[in-house]
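Thanks for coming. I have one model to go through today, and I will keep to the geometry.

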Amino acid sequence: MIKINEHYLKLQASYLFSNIAKKVGEFQKSNPDKEIIRLGIGDVTRALPQACTEAFHKAVDEMAADSSFRGYGPEQGYDFLREAIVKNDFQSRGADIAADEIFVSDGAKCDTGNIQELFTQDARIAIPDPVYPVYLDTNVMAGRTGNFEDGRYKGIVYLDATKENNYVPGLPEEKVDLIYMCFPNNPTGSTITKAELQTWVDYARENQALILFDAAYEAFIRDESLPKSIYEIEGAKEVAIEFRSFSKSAGFTGTRCAYTVVPKECTAYDARGGKQAIHPLWNRRHCTKFNGVSYPVQRAAEAVYSEAGKTQAKELVTGYLKNADLIASEIKNLGYDFVGGDNSPYIWIEAKRDSWEFFDMLLDKAGVVCTPGAGFGKCGEGYIRLSAFNSYANVEKAMARIKKALA
Ligand SMILES: *Cc1c(COP(=O)(O)O)cnc(C)c1O
């Protein structure tokens, strides 16, 4: 008899986006003339930078001739991309990362989801609340949690991001082994300072723990004093793995390219307490289960680092940040407390009521779709997330309607 992995049965069905779609569908049916504006999505809306599509086209043409055709590439990514990454994203900021510490992949979702299989079944896991659901669900699938009770999985150490801690969780009181972090944060848009991040790196060093740092939104950091990479923090290379993606920084959500940084000094421990480098383990996993990102996509990603590509990618991000500024200033004028928007495409708003109630009200009265915070965890109840991923004209229209609805 073929039996299933019982841990899958513990997973909570994600009603979040299906519920939103259902409610939006019903609203549209009863208000066929009303134009709905979506500020709920976590997906970019603007086209790829031209430098990327040009490089993409050129690489496709190379694939069309025997003389320049490419078959399987290196699983870890082509050197041209790994070298462009370290030069521009790390060495230019004083973070000493080498090209062979970069693992190019088809997404930070896969990487943040897959990384947990390198670690022991009984690892004590710390996960933020509210959270990007991938970190939690992949550990549930792997059997590192108990059942779901009262809105939380047994056996997980939740790191609450609340108004009291300015949406940056403090160190856990109990000892943990594996710590998931995401800054600038999805869904809250909060950021972490170098000093705060240093306390986490110090904690990891003292407790033989490992930090998994998701920096998918680093391109949105405008405040130059904030860390874009955890490797700007002293001692981080021994205790941290970083995840990056071209999805939000250059519009690659549908093109698929990301990378993971595993420094060679970064270690975990074997059953006898001996230090083991993580780099060869991740390399082995990557080579066994992954066959590389397609050549044209890697050429398109490389073009993000060309002079034209840098300017065009920056324009994209600046455009979204302009939307975020407008959302933030209007929400402030309406007298709501919020975080994010300054160094992030997300604005996390205290709804002063149940988050689904606020969702319904915004849809009914303004025809605007937000994301109810409760979908991201227990601490998200009472909040909603607005996203800056839309056109400026739509954001202007949406905010005018919200102003009228809430006034
Ligand atoms: C969008 C996003 C990513 C990027 O995922 P890809 O698979 O690279 O598109 C990673 N982490 C978080 C928190 C995100 O919101």
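I will take the sheets, then a helix pair, then the empty spaces, and end with some backbone details. Keep in mind throughout that this is a predicted model.

Start with the seven-stranded sheet. It is open, its pairing is mixed, and the strand order reads β2-β10-β9-β8-β7-β3-β6. At the two edges are β2, residues 102–105, and β6, residues 157–160, and each of these pairs on one side only. From one strand to the next, the twist averages 20°.

Inside that sheet, look at β8 and β9. Strand β8 covers residues 210–214 and strand β9 covers residues 240–245; the two run parallel and are joined by four bridges. If you want one residue pair to find the register, take L212, whose bridge partner in β9 is I241.

The other sheet on my list has four strands. It is open as well, with antiparallel pairing and the order β13-β14-β17-β16. Which strands stand at its edges? They are β13, residues 338–340, and β16, residues 371–372; each has a single partner strand, so one side of each has no neighbour in the sheet. For β16 that partner is β17, residues 383–387, and the antiparallel pairing between them rests on two bridges. On the residue level, T371 stands opposite R385 in β17.

That end of the sheet also has a helix on it. Helix α11 lies across β16 and β17, and runs at about 45° to β17.

The helix α11 brings us to the helix pair. It spans residues 355–366 and packs with α12, residues 392–406, at an angle of about 105°, the axes being 9 Å apart. Angles of 65 to 115 degrees count as roughly perpendicular, and α11 and α12 are therefore roughly perpendicular to each other. Which residues meet in this contact? From α11 there are F358, M361, L362, K365 and A366, and from α12 there are R401, I402, A405 and L406. By class, that contact has seven nonpolar residues, two charged and no polar ones.

Now the empty spaces. Rolling a probe the size of a water molecule over the atoms shows where empty space is left.

The largest pocket holds about 1,200 Å³ of space. Its lining has 45 residues, and those nearest the centre are V131, Y132, P133, G375 and F376. Several elements supply at least two lining residues each: the helices α1 (16–30), α4 (108–114), α5 (133–141) and α7 (246–250), and the strands β3 (125–129) and β5 (152–153). Which element gives the most? That is α5, with five residues. The pocket lining divides into 21 nonpolar, 13 polar and 11 charged residues.

As for cavities, there are three of 30 Å³ or more. The largest cavity has a volume of about 60 Å³. Its lining consists of P128, L159, P169, I179, Y180, M181, C182, F183, N185 and W200. Strand β7 supplies the largest share of that lining, four residues. Nine of the cavity-lining residues are nonpolar, one is polar and none is charged.

Last, the backbone. Where are the cis peptide bonds I want to show? One joins D129 and P130, with omega at about 5°. P130 sits in the loop between β3 and α5, and both of those elements also supply residues to the lining of the largest pocket. Another cis bond joins N186 and P187, with omega at about 15°. P187 is in the loop between β7, residues 178–182, and α6, residues 194–206. β7 is also the strand with the largest share of the lining of the largest cavity.

One more backbone point concerns D150. Its phi is near 50°, a positive value in a residue other than glycine. D150 is found in the loop between β4, residues 148–149, and β5. Strand β5, again, is one of the elements that contribute to the lining of the largest pocket.

That is what I have for today.

Key
Residues numbered from 1 in each chain as written. Predicted model: local features only at pLDDT ≥ 70, side-chain atom pairs only at ≥ 80, totals over all residues. Heavy atoms only, no water. Pairing = 2+ DSSP bridges. Axes fitted to C-alpha atoms, helices over the stretch in contact; angles between N-to-C directions. Parallel < 35°, antiparallel > 145°, perpendicular 65-115°, else oblique. Contact = heavy atoms within 4.5 Å. Nonpolar A, V, L, I, M, F, W, Y, C, P; charged D, E, K, R; others polar. 1 Å grid on protein atoms, 1.4 Å probe; cavity = no way out; pocket = protein on both sides within 12 Å on 5 of 7 lines; lining within 4 Å. Points joined across faces, edges and corners; volume = space filled by probe spheres on them.
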